[in-house]
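Biologist: I should like to learn how to read the spaces inside a protein model. May we work through an example together?

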Amino acid sequence: MEASSPTPSAPFTPFSTVIRTASHAQHTEAENSSFMGDLLGGKLGVDAYRRYTEQLWFVYRTLEDASGALAGDPVAGPFIRPELARTAELERDLAHLGGPSWRAGLVPLPATAAYADRIAVCARDWPAGYVAHHYTRYLGDLSGGQIIRGTAEKTWGFARKGDGVRFYVFEEIANPAAFKREYRELLDALPVDDLEKQRVVDECKRAFALNSAVFRELGEQFPMSA
Ligand code: HEM
């Protein structure tokens, strides 16, 4: 039997760092999309903010419709936390923005429908892919979402943390920094092999691309940047 010489082990990078680093360029792209820039630059009216919030409703409804079925799943289950749920908050915001019949005739933009379809497919067939979508939305909302809230309050005069911006307010998460730390620990402990982790990273990139496509279509509806 040959003695095997010890191979130097590759430096270990936690999965939460891998996924954040891998999606960094697309994050910058989404952040700098002309629709987001115009919206947060105060160049667009509240109708654009409403249209954007409507698209979020389609996305979160799909994410959260799957929560019950995935709650006991060994891969996706640990991520499903009731304090993250946003559908009820979005419905309150939309009732504020559009009145009691805000839902009448509401249809998603084609890019939003494609995004929601992809989430639904992952939720049904691929729990680890669902985690990629979960991460892309909720960790973002707990982070940059707070910047969007502040701007929306100032630009369109919503009450601080009130109707119109409830989507951005996580009432039941007292310490978002600690919550995000725990969330990253869950990512680091994701019970799948390296190949599957790479697929999750790819799905996260796809999730960012789907978000950018929604911004692009919203930008076409509300052209401003020139
Ligand atoms: C104008 C729009 C946006 C702003 C200002 C913004 C800002 C930020 C900031 C400041 C962070 C860092 C927080 C931290 O280090 O803890 C962050 C993290 C994040 N954002 Fe955004 N963001 C925006 C749009 C988006 C979009 C469209 C998505 C995807 C749908 C997104 C997804 C994420 C994710 C997943 C993280 C967590 C990264 C990690 O720590 O793993 N963001 N964002």
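**Reading the ligand site, the pockets and the cavity**

Modeller: Let us begin with the ligand: helix H8 provides the largest share of the shell around the ligand, five residues. Please keep in mind that this is a predicted model.

Biologist: Which residues come nearest to the ligand?

Modeller: A residue counts as near when one of its heavy atoms lies within 4 Å of the molecule. Here 19 residues surround the ligand, and those that come nearest are His27, Tyr135, Gly144, Lys180 and Arg184.

Biologist: How far is a polar side-chain atom of Tyr135 from an oxygen atom of the ligand?

Modeller: For a polar contact, one looks for a pair of N or O atoms within 3.5 Å. In the case of Tyr135, a polar side-chain atom lies 2.5 Å from an oxygen atom of the ligand. For Arg184, an N or O atom of the side chain is 2.6 Å from a ligand oxygen atom. Lys180 has a polar side-chain atom 2.8 Å from an oxygen atom of the ligand.

Biologist: Which elements give two or more residues to the shell around the ligand?

Modeller: They are helices H2 (24-31), H3 (34-40), H8 (127-141), H10 (176-188) and H11 (194-221). By class, the shell contains eight nonpolar, six polar and five charged residues.

Biologist: Which pocket corresponds to the space taken by the ligand?

Modeller: A pocket is an open space, found from the protein atoms alone. In this model the ligand takes up the space of the largest pocket. That pocket holds about 720 Å³ of space.

Biologist: How many residues line the largest pocket, and which lie nearest its centre?

Modeller: The lining has 28 residues, and His27, Thr136, Gly140, Gly144 and Phe208 lie nearest the centre of the pocket. His27 and Gly144 were also named among the residues that come nearest to the ligand.

Biologist: Which helix gives the largest share of this lining?

Modeller: H8 does, with six residues. At least two residues each are supplied by helix H1 (15-22), H2, H3, H8, helix H9 (145-156), H10 and H11. The lining divides into 13 nonpolar, 10 polar and five charged residues.

Biologist: What is the volume of the second largest pocket, and which residues line it?

Modeller: The second largest pocket contains about 190 Å³ of space. Its lining consists of Phe12, Thr13, Pro14, Phe15, Val18, Asp188, Asp194, Lys197, Gln198 and Val201. The elements that give two or more residues to this lining are H1 and H11. H11 gives the most, with four residues. Sorted by class, the lining of the second largest pocket has five nonpolar, two polar and three charged residues.

Biologist: How many cavities of 30 Å³ or more does a search of the whole structure find?

Modeller: A cavity differs from a pocket in that a 1.4 Å probe fits inside but cannot get out. The search of the whole structure finds one cavity of 30 Å³ or more. The volume of the largest cavity is about 50 Å³.

Biologist: Which residues line the largest cavity, and which helix supplies the largest share?

Modeller: The largest cavity is lined by Tyr52, Gln55, Leu56, Val59, Tyr115, Arg137, Asn211, Val214 and Phe215. Helix H4 (46-65) and H11 each supply at least two of the lining residues, and H4 supplies the largest share, four residues. By class, the lining of the largest cavity has six nonpolar residues, two polar and one charged.

Key: Residues are numbered from 1 along each chain as its sequence is written. This is a predicted model: local features need pLDDT of at least 70, side-chain atom pairs count only at pLDDT 80 or more; totals for chains, interfaces and linings use all residues. Side-chain values use heavy atoms; hydrogens and water are left out. A polar contact is a pair of N or O atoms within 3.5 Å; within protein, one must be able to donate a hydrogen and the other to accept it, and residues adjacent in sequence count only if both atoms are side-chain atoms. On a 1 Å grid over the protein atoms alone, a cavity is a set of points where a 1.4 Å probe fits but cannot get out, and a pocket is an open set with protein on both sides within 12 Å along at least five of seven lines; lining residues have an atom within 4 Å of a point. A molecule sits in a cavity or pocket if more than half of its atoms lie within 2 Å of its grid points. Ala, Val, Leu, Ile, Met, Phe, Trp, Tyr, Cys and Pro count as nonpolar, Asp, Glu, Lys and Arg as charged, and the others, Gly among them, as polar. Grid points are joined across faces, edges and corners, and a volume is the space filled by probe spheres set on the points.
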